[in-house]
Amino acid sequence: MTMPTMCLLILFSVIYGSVATHHLSRNLQTLSSDSNDQPYRTAYHFQPPKNWINDPNGPMRYGGLYHLFYQYNPKGATWGNIVWGHSVSKDLVNWTTLDPAIFPSQPSDINGCWSGSTTLLPGNKPTILYTGIDSMKHQVQNLAKPKNLSDPFLREWVKFPQNPVMAPTSDNNIESDSFRDPTTAWLGQDGHWRVLVGSKRRTRGMALLYRSKDFVNWVQAKHPLYSTKDSRMWECPDFFPVFKNGQLGVETSVNGDDVRHVLKASLKGHDYYTIGSYNTSKDVFVPDKGFDEFVLRFDYGKYYASKSFFDDGKKRRILLGWVDESSIEADDIKKGWAGIIAIPRAIWLHRSGKQLVQWPVMEIEKLHANPVNLAPQVLKGGQLLQINGVTAAQADVEISFEVNKLIEAEVLDNWTDPKILCSQKGSSIKSELGPFGLLVFASEGLQEFTSVFFRIFKYQNKNLVLLCSDQSRSSLNKNNDLTTYGAFVDVEPLHEQLSLRTLTDHSVVESFGGEGRACITARVYPTLVINDKAQLYAFNNGTADVNITRLNAWSMKKAQIN
């Protein structure tokens, strides 16, 4: 069904009346009084049955199962009492939750078992390196191994009695509260293992390098693998090779002329990465020209503390990230949980060599149901197109646009942070080419909606594509974080279609623009758009027409997370 321009004007000039306010109050009362009412709990994203979750830790494939460990508070929906939660899956979609794998029990971790990684040692023997908070509240690195390698679930882990295996001292100039999150280790050509630990010196962030012959006795290198000024603490570093060509992944210890290396750090609230080469003779990372500083991000929304691993079964590299809540802590406590893990993403180097591509793992498509395919058509300026036949609160939507009149693009005089630009030019602000995209979690009266859209600018005589995820109208509950996110997408609309894939899951919107070249994840908590009340639209609020060349949508079945 199409709706004329007048409807779109109504959409972007909503006045929140008394009926909506009454519904908001009633909804919050229901949420707080009925524990079975969980309108924001996801259906196909990983989250434990209850309580707090943050960083994914040590993901790997072992014994035919995918293992996911994660920072977990077994006692409540806020951060604290941290242990390593543990779940397993055959397909990265359906999960079985096991007992915590690691919990405080030694002087070296008595105040918390923080983030770390797994490494598969020769003979396919998994080993965990993790940060412990010791009795002095210092951050140290500890070692643990499975009690029974014949158990594919790896339900019990035994800590090294002489933990810690790495610790800050007065000699190594490491700040005791800035020394955490060891990476997956890699094996050098000299037969020595190497691992990185996030740290800082004053305001300079860095990845400290350690070496070991036996994975037990570790020696700090004289220099970090890499560091950058004014980046402060590097949390959850990651370091891995990617093939120059193709989408296959590569095992972490591989190096050579056919690979590049990716260095990632979680800092200043986001996951940044850079691309370059690994100089094995000097044990340093050398960024490509123009990549000296962290500029690229895995995700331009709410996505942090990610961790990748090589899936030896399907020969791919998979990325997992933590998606925090955007609700206030009091609401998290009421609902009894906080935090989810984003949909696992396959990642590879784009053919340009300038960035990574990210795409939901193919297994997620097993949840597709009730396909809807719309014929190619013109989406006129000011038009809304309702997409019927899918459960809009639990959906996967792929849409592609073609733009013909690029000469009409709005001129951008000065370079602007894309997040700021999306905030200034939200979905209600018209231009010649945009905004056009999707309205998700839209209420019947359009009092609530989240918009994910493109806008095209002309900057220095080149076309510049902006992708926005606008949460400003996502909820009548103004206690939530309603931040708008944005990213520039490295596509040339003169030669390429503008593709957008958006997955909705009750309180999360994950969007992939430009075939995975820009990703934005957002949390939303609508009060009117609960379950089957949600509606879905394609929209064009620009003055120029655009062509929809493809629109496929599916309802998403519920994953089995036990």
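**Pockets, buried asparagines and strand pairing**

Leaving aside neighbours within four places in sequence, Asn142 is in contact with Ser108, Asp109, Ile128, Leu129, Tyr130, Thr131, Gly132, Asn163, Pro164 and Val165. One of these partners, Ser108, also meets Asn142 side chain to side chain, in a polar contact of 3.1 Å. Asn142 belongs to strand β8, which covers residues 139-146. With a relative accessible area of 0%, Asn142 falls under the 20% cut-off and therefore counts as buried. All of this comes from a predicted model, and the same goes for everything that follows.

A second asparagine, Asn57, sits in strand β2. Its relative accessibility is 1%, so Asn57 is buried as well. Not counting residues up to four places away in sequence, Asn57 touches Leu68, Phe69, Tyr70, Gln71, Trp84, Trp114, Ser115 and Gly116. Among them, Gln71 makes a polar contact with Asn57 through the side chains of both residues, at 2.8 Å. Asp37 is another story: Asn57 and Asp37 are 20 residues apart along the chain, and their C-alpha atoms are separated by 30 Å.

The strand that holds Asn57 is part of an open sheet of five strands, ordered β5-β4-β3-β2-β23 with mixed pairing. At the edges of this sheet are β5 (95-102) and β23 (337-338), each of which pairs on one side only. The link between β2 and β23 is parallel and takes in two bridges. Across that link, Trp52 stands opposite Ala338 of β23.

Further along the chain, strand β30 (residues 394-402) is mostly covered, with eight of its nine residues buried. Strand β30 runs antiparallel to β36 (residues 498-505), and eight bridges join the two. In this pairing, Glu398 stands opposite Arg501 in β36. Strand β40 (residues 546-556) is also antiparallel to β30 and is joined to β30 by eight bridges. Here the facing residues include Ile399, which has Leu551 of β40 opposite. As background, strands of a sheet pair through backbone hydrogen bonds, either parallel or antiparallel.

Now for the pockets. The largest one has a volume of about 970 Å³. Its lining counts 33 residues, and those closest to the centre are Leu296, Tyr300, Trp415, Phe488 and Asp490. By type, the lining of the largest pocket splits into 18 nonpolar, seven polar and eight charged residues. Several elements supply at least two lining residues each: β18 (270-279), β20 (296-297), β26 (356-360), α4 (418-424), β34 (462-470), β35 (485-489) and β38 (518-523). Of the contributors to this lining, β35 gives the most, with five residues.

The second largest pocket holds about 350 Å³ of space. It is lined by 21 residues, and Leu120, Thr184, Glu251, Thr252 and Phe310 lie nearest its centre. That lining breaks down into nine nonpolar, six polar and six charged residues. Strands β2 (51-62), β6 (113-121), β16 (235-243) and β21 (304-311) each supply at least two residues of the lining. The largest share, four residues, comes from β21. Strand β2 thus turns up again: it contributes to the lining of the second largest pocket and also holds the buried Asn57.

Notes:
Residues numbered from 1 in each chain as written. Predicted model: local features only at pLDDT ≥ 70, side-chain atom pairs only at ≥ 80, totals over all residues. Heavy atoms only, no water. 1 Å grid on protein atoms, 1.4 Å probe; cavity = no way out; pocket = protein on both sides within 12 Å on 5 of 7 lines; lining within 4 Å. Points joined across faces, edges and corners; volume = space filled by probe spheres on them. Nonpolar A, V, L, I, M, F, W, Y, C, P; charged D, E, K, R; others polar. Buried < 20%, exposed > 50% of the residue type's maximum accessible area, 1.4 Å probe, protein only. Contact = heavy atoms within 4.5 Å. Polar contact = N/O pair within 3.5 Å; in protein donor to acceptor, adjacent residues only side chain to side chain. Pairing = 2+ DSSP bridges.
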